Amino acid sequence: TAADLSSKSVQGRLSASAIQGFFKIAEAWGLRDESARQLLGGVSNGVFYQLKREHKKTLDQDKLTRISLLLGIFKALNLLYSRKLADAWINLPNSNPMFKGEPPLVYVIRGGVPALMRVRQLLDARRGGR
């Protein structure tokens, strides 16, 4: 069953590992801090650098959901492609009509959680739903 991300105790339990995972993905994908901030829902510079430095803040349901989707996208990419392509994919122009020739990163920053969900579903479908 899915974790209840609205629960304060669940948020507290998952936040440190979620933050750590997020920054590992951001590094693997070569994200600029501005893009990483947008993926977290447009957090302020202060909050972003506090998260980056300490990994101690308790995240809310929205941020945990975003990171969960990003982890799923990261995992799917690494199952589908070589490490090099998996890490580059988010920043490469994409011919899928969903992306209109732009990199998936642009699409998910503009579209927020619904766009993250669609990209996750696209990649899961490509790998046969595994």
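In this predicted model, the axes of helix 1 (residues 8–28) and helix 4 come within 9 Å and cross at roughly 45°. Helix 1 and helix 4 are therefore oblique to each other, and helix 1 passes helix 4 in a left-handed crossing. On the helix 1 side, the residues that meet helix 4 include L14, A18, F22 and I25. Their partners in helix 4 include L64, I67, L71 and F74.

Now let's turn to helix 6. What does its span look like? Helix 6 covers residues 104–126, and its end C-alpha atoms are only 15 Å apart, although a straight helix would reach 33 Å at 1.5 Å a residue. A kink of about 135° lies at G112, shortly before the proline P114. Just after helix 6, G128 takes a positive phi of about 80°.

Here are the angles and their places:

| Feature | Place | Angle |
|---|---|---|
| Axis crossing | helix 1 and helix 4 | roughly 45° |
| Kink | G112 in helix 6 | about 135° |
| Positive phi | G128, just after helix 6 | about 80° |

The buried residues of helix 6 include Y107, V108, G112, L116, V119 and L123. This buried set packs against helix 2 (33–39) and helix 4 (61–80), so helix 4 has a part in both stories: it also meets helix 1.

One residue of helix 6 is worth a visit of its own: V119. At 0% relative accessibility, V119 counts as buried because the cut-off is under 20%. Leaving aside neighbours within four places in sequence, V119 is in contact with I73, W89, M98, F99, Y107 and V108. V119 and L40 are 79 residues apart in sequence, and their C-alpha atoms are 16 Å apart in space.

Technical notes. Residues are numbered from 1 along each chain as its sequence is written. This is a predicted model: local features need pLDDT of at least 70, side-chain atom pairs count only at pLDDT 80 or more; totals for chains, interfaces and linings use all residues. Side-chain values use heavy atoms; hydrogens and water are left out. Helices (H or I, at least four residues) and strands (E, at least two) are DSSP runs, numbered from the N terminus. The expected span of a helix is 1.5 Å times one less than its number of residues. The bend at a residue is the angle between axes fitted to the seven residues ending there and the seven starting there. Buried means under 20% relative accessible area, exposed over 50%, partly exposed in between (1.4 Å probe, protein chains only). Contact means heavy atoms within 4.5 Å. Axes are lines fitted to C-alpha atoms, for helices over the stretch in contact, and angles run from 0 to 180 degrees between N-to-C directions. Angles under 35 degrees count as roughly parallel, over 145 as roughly antiparallel, 65 to 115 as roughly perpendicular and the rest as oblique. A crossing is left-handed if the near helix is turned anticlockwise from the far one by less than a right angle, and right-handed if clockwise.
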